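Grab your viewer and work through these exercises at your own pace. Try each task before you peek at the solution.

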Amino acid sequence: MSVELPDIERALSDYEPFCWLPADALSAMARSIEVSYQQAGQVVLALEDPIHHLYFVRSGEVELFRRDGSLFNRLPAGHVFGQMGLLMNAKVRFPATTRKDCLFYLIPIQLFMDYCEKYSEFGDFFEVNEHSILEQATQVGTDDMTTVPVTELIKTEPLVVTPDTTVAECAVRISDHYIAAAVVQDEQGRLLGIVTDNDLRAKVVAKRLPYDTPVGEIMSTEPQVMDDHAYLHEVMLVMLRNNIHHVPIVDENRVLGVVSLLDMVAHESQNSLLLVRSILSSESVEALAQLSAQLPAVYERLVNEHATSHMIGSAMSVIGASFMQQMAKLVEEELGPPPVPYCLIALGSLARDEQLLVTDQDNALILSDDYDEASHGHYFEQFGQMLCEGLDRCGYPLCEGLIMASNPQWRLRLYEWRDQFTEWIENPEPKALLNASIFFDLVAVHGKKKWARELQQFIATKAKGSKPFLASLARNALNRTPPLGVFKNFVLEEDGREKRSLNIKRRGTAPLTDIIRVHALAMGSMSQNSFERLDDISKTKLLPKEKYEELSNALELLYSMRAHQQMLAIREKRQPDNKIAPDTLSLTRQRSLKEAFSVVAQAQRFMKYRYTANG
Amino acid sequence: MDNILQERGSVPEEWIGFQQLMAGCSHAELKDFYQSGFSYLDQKLVEAPCLAIDIETTGLNAERDKIVSIGLVEFDASRVYLASAKHWLVNPGELSDSSVIVHGITHSDVSRAPTIDAVIPELLRAMAGRLSVVHYRAMEREFFRMLGFSLWSQPWLFPVIDTFALETTCLKQSQGWFDRFRNKSLPSLRLPDARLRYHLPEYENHDALVDAIATAELLQAQIQKWQLGDRRVKALCQ
């Protein structure tokens, strides 16, 4: 006798992904369920606990939290959770707490895994949903002030002074720290008051108090504080209600930081467009450096907003170019107008519109043909130095290969650049070309932009017919192979975090963009972006149509995994890098990653025979 | 056999003694049931293995009406195990016209179903060693008592936790003294209404199995809300 549970089945089938299961599969699922009731305010899943079930919220509402304790998502009836833990290593990834009285249906892990394999729509839901959960998380988690804990806005330790600190000393320290308020504490660390830059103006300067007045005399005592569990909107309300602009956030009695009204506004305006506008109106290197601190948050948001890798790459490249452009302007202000015109160019990923997070600066200068070393050399030497150091301060580290405007080797007159490219193309030395391939992705950033376009045109025309050059470039593009073993298993490397991982940039996106560059140059394309280059290639007979689609899909997948991985690192407050440990990915993702790598491997094999020096 | 046990509503004064007495009875299947014991009586409610039971009958009179379906599900304070769910339609023999349809069960449904004596062995096995939980014990208790008489000529009695009675007690205790003094009436104690107080979802159907599951969920909620988990079963059951 097989028991029917139509009520349970119906409760499930009202929602995705259960509505896509065949009737008998759904019945079997219903019969395997364990039901569990939990009152509001209880822990359902604790971080790192073993997890053996997928949780379906039959009624009520749960809250999921991130590793750092911040709210990740709220799920009402009809939603599932626990899949990340089940798909990773059967340990809870997002701890869950009931926000209302809840009834859960618990679906056993074996059945869940089995159905993911057997019913592709069901399985895909959890793949796709990895993103859509993140998407929801950004909607409720970052856009909505009611769900963001105020601790997310605390970026620095509070500036602490004692009551006997002089107002002069306090003013100096406030301005040194680029913050607007200092916390006054006694020896025991008890919070006595708060001093803001406005207090210094209104209570000291305006009243002509001596500068050796102790801050204890002018501080606001018994300041309104909020505890670290408060949400942004609560802090906002307190600010509005009390007409204050700074609120110390405390954990027990310890001040964690001071949140200002400006922080709140800044939080609400973290998007790339605003950032670009702020960059282009920055008046100092310091201001630029401060803005660059927003980059990870902007990036996180972009990835979360379901942007394609092309969109992410473009946005990050525009931001990178804006930093360069504004830095060049500031340096010009400092040094005076340039003695001869120049063009600042970006090379590599920025030129390709494919910049992600972890990236060196790669830039160079095209100087006017009127450039005279003796009379102008000093200016551009200083210019290059200041530009590159400034960018370094903005989080674009100096290029180890010294492909930078600070290197005299890459400050060339326009005709010298033409000669240089002619040399590379006509006398291709694979070794020399290895470091030079980055110059074949170039874009103007500031100054005489048409010179950069002239060079692009020159390269496109010259490279097209040059078989030895293409062959050398092709050979170089085979140097880095995708990390797949004979049996299509991942070939992993040890990394510092005691995890075996693969470098998705070095073994994935980089070799693929190399391949695409060779094809693009071979057909005279002037595009710099890999997707646009693929588009150009698709218009020729170079590759069969399906090959072109395969390459395009593989590129998108590799880039978006890289971007996603970096976003997770930001979220978990780790240093983003390009490493991926495949066993942290779901089986389906691992499969897709292998597909993408094997597309790269095939494309490399194809290229080996396509471009030969005399063929 | 204590004659008093034949009376409606009566239960043994002391369950363990009754169990020991019945464990010596001559009907093998009933003997097994009682021999499996009532050891859960000394356990904390949070640890007790439970079985939610619901029956559908042709009417309210246990002496005249018959059981037409039985639903069961095993559970405990933290989980309801749907894999253990059982649901029988029972052929009551002759069926009066007035009860052609009981809770959506039609005459033709039950006429094809097994009779109660075919169901009993499995029912007894499922119940053995588990604390029975029902909503409104007056129904189940009298029907099972009568079933005992008709099958084995002795009352079939066992301890139950009654979520209805539990709800009454808990609600009364949570009432202020003034409401109690005024004898203010309690809100509805019907299963769906009691569930609503714990924000448990509504079920569309009300067959014996769904109501058994609903009862199990209700007890889980009551245990949490009224912190009954550490109470001994015997203090809570009847």
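Two exercises follow, both on a predicted model.

**Exercise 1.** Work out how big the contact between chain A and chain B is, and what the chain A side is made of.

*Solution.*
1. Start with the area: chains A and B bury about 2100 Å² between them, with 52% of it on carbon and sulfur atoms.
2. Next, count residues. Chain A puts in 26 and chain B puts in 26.
3. Now look for polar links. There are 13 residue pairs in polar contact across the interface, both partners at pLDDT 80 or more.
4. See where the chain A residues sit: helix 1 (6-13), helix 2 (23-32), strand 1 (34-38), strand 3 (53-59) and strand 8 (102-108) of chain A each give at least two.
5. Strand 1 of chain A has the largest share, 5 residues.
6. Finally, sort that side by type: 13 nonpolar, 6 polar and 7 charged.

**Exercise 2.** Find what A:Glu34 does at the interface: which residue does A:Glu34 form a salt bridge with, and which residue does A:Glu34 stand opposite?

*Solution.*
1. The count of salt bridges between chain A and chain B is 2.
2. One of them joins A:Glu34 to B:Arg79. The closest N and O atoms of that pair are 2.7 Å apart, which is inside the 4 Å cut-off for a salt bridge.
3. Then check the backbone: strand 1 of chain A runs antiparallel to strand 3 (residues 80-89) of chain B, paired over 2 bridges.
4. In that strand of chain B, B:Tyr81 is the residue opposite A:Glu34.

Notes
Residues numbered from 1 in each chain as written. Chains lettered and ligands numbered in written order. Predicted model: local features only at pLDDT ≥ 70, side-chain atom pairs only at ≥ 80, totals over all residues. Heavy atoms only, no water. Contact = heavy atoms within 4.5 Å. Buried area = accessible area lost by both parts, 1.4 Å probe. Salt bridge = Lys/Arg side-chain N within 4 Å of Asp/Glu carboxyl O. Polar contact = N/O pair within 3.5 Å; in protein donor to acceptor, adjacent residues only side chain to side chain. Helix = DSSP H or I, 4+ residues; strand = E, 2+ residues; numbered from the N terminus. Nonpolar A, V, L, I, M, F, W, Y, C, P; charged D, E, K, R; others polar. Pairing = 2+ DSSP bridges.
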